[in-house]
Amino acid sequence: MTLQTLAPTPLHARPPRRAPKPRTAMILAAGLGKRLRPITSMIPKPLVEINDKALIDYGLDALARNGVERVVVNVHYMADLLRAHLRKRRDMEVIISDESDRLLESGGGIVRALPHLGSDPFYLINSDTFWIDGYRDNLDLLADLWNPAEADMLLLIAEMRQATGYDGRGDFTMDREGRLQRVAERDMSPFIYAGAGILKPDIFKGLPEESFSLNRVFDTAIENGRLFGGRLDGLWLTVGTPQAIHDAEAAFAASATRVQNA
């Protein structure tokens, strides 16, 4: 087993922003959160709190900071609780994409939401993964790196050393241009999909409204050489288990201490 160590493109080597910042986003919030039981027996996973703040609000706040005006949120499990929570937002339009009839997974959920997303590229965020920004706001960083002439999808990529709550072998390899490939079956990579990106809605056209993973669309973009990654600045946190909640809160406390001592 080998460890993938290819270096991505340095941020300073990228050209200036080539496209407007997205003004629309989608948050994937329809999952069952089984690994977080018994906590998710009472509330849906996006409403689990880290430092007294619901997971989904970390994503919504990041989108609001970056000028997003309309957010589509798909719901399934305990949908009424999520609806009630989302009605409190006053800084953006929130549209519910209802999957109460059947859970469509990440890919099918986006297909159902397409009529609300419009024709321009949009931000995509997982409701159970988030980050502590470093020197850069990471959604702004993605907008700087986004080049629709060469990419259909640009994913936020964290290194394992920047991650808490992750126990996998990495998701992608990345070349010096930022182009992504799958990790070979027996290999490892330090690069993890950090649950956020910029996507063109066109790549979902013609796909059926059925249950399928976003990985299907990733693989098509890889085949076409149009899946790229941008390096996360800061610390990436994923909350998949009760222990990961404690790890995330400890990471916040450590980050606050570093800021105070800087």
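## Close-up views of a predicted model

**View 1. Helix α1 is mostly covered, with eight of its eleven residues buried.** This legend, like those that follow, describes a predicted model. The buried residues of α1 are L55, I56, D57, Y58, G59, L60, A62 and L63. Just after the helix comes G67, whose phi is positive at about 80 degrees.

**View 2. I27 sits among the residues with the most contacts inside the largest nonpolar core.** This core has 38 residues, and I56, L63 and V71 join I27 in the group with the most contacts inside it. At least two core residues come from each of β1 (24-28), α1 (55-65), β4 (70-75), α2 (79-86), β6 (122-126), α4 (138-145), β8 (153-159) and β12 (191-199). The most generous contributor is α4, which gives five residues. A second, separate core holds 28 residues, including I95, F172, L180 and F191. Back in the largest core, I27 has a list of contacts that leaves out residues up to four places away in sequence. Among the residues it touches are I56, G59, L60 and L63, along with V71, V72, V73 and N74. I125 and S127 complete the list for I27.

**View 3. Strand β8 is mostly covered, and seven of its seven residues are buried.** Follow the side chains along β8: M153, L155, I157 and E159 point one way. L154, L156 and A158 point the other way, and the residues of both sets are buried. β8 pairs with β12 in the antiparallel sense over six bridges, and in that pairing E159 stands opposite F191 of β12. β8 also runs parallel to β13 (residues 227-231), joined to it by five bridges. Here L155 of β8 has G229 of β13 as its bridge partner.

**View 4. Three strands form an open sheet in the order β7-β14-β9, with mixed pairing.** The edges are taken by β7 (129-133) and β9 (163-164); each has a single partner strand, so one side of each is left without a neighbour in the sheet. The pairing of β9 with β14 (residues 234-238) is parallel and spans two bridges. Look for T164, which stands opposite L237 in β14.

**View 5. The largest pocket has a volume of about 1100 Å³.** Its lining is made up of 35 residues, and those nearest the centre are K45, S106, N126, D128 and T129. By character, the lining divides into 13 nonpolar, 13 polar and nine charged residues. At least two lining residues come from each of α3 (105-117), β12, α5 (215-223) and β14. β12 supplies the largest share, three residues.

**View 6. P201 lies in the loop between β12 and α5.** P201 has a relative accessibility of 4% and therefore counts as buried, the cut-off for that label being under 20%. Leaving out residues up to four places away in sequence, P201 touches L114, G118, S119, D120, P121 and F122. For a sense of distance, P201 and R87 are 114 residues apart in sequence, and their C-alpha atoms are 26 Å apart in space.

Conventions: Residues are numbered from 1 along each chain as its sequence is written. This is a predicted model: local features need pLDDT of at least 70, side-chain atom pairs count only at pLDDT 80 or more; totals for chains, interfaces and linings use all residues. Side-chain values use heavy atoms; hydrogens and water are left out. Two strands pair if DSSP finds at least two bridges between them. Helices (H or I, at least four residues) and strands (E, at least two) are DSSP runs, numbered from the N terminus. A nonpolar core is a set of buried Ala, Val, Leu, Ile, Met, Phe, Trp, Tyr and Cys residues joined through side-chain atoms within 4.5 Å. Buried means under 20% relative accessible area, exposed over 50%, partly exposed in between (1.4 Å probe, protein chains only). Contact means heavy atoms within 4.5 Å. On a 1 Å grid over the protein atoms alone, a cavity is a set of points where a 1.4 Å probe fits but cannot get out, and a pocket is an open set with protein on both sides within 12 Å along at least five of seven lines; lining residues have an atom within 4 Å of a point. Grid points are joined across faces, edges and corners, and a volume is the space filled by probe spheres set on the points. Ala, Val, Leu, Ile, Met, Phe, Trp, Tyr, Cys and Pro count as nonpolar, Asp, Glu, Lys and Arg as charged, and the others, Gly among them, as polar.
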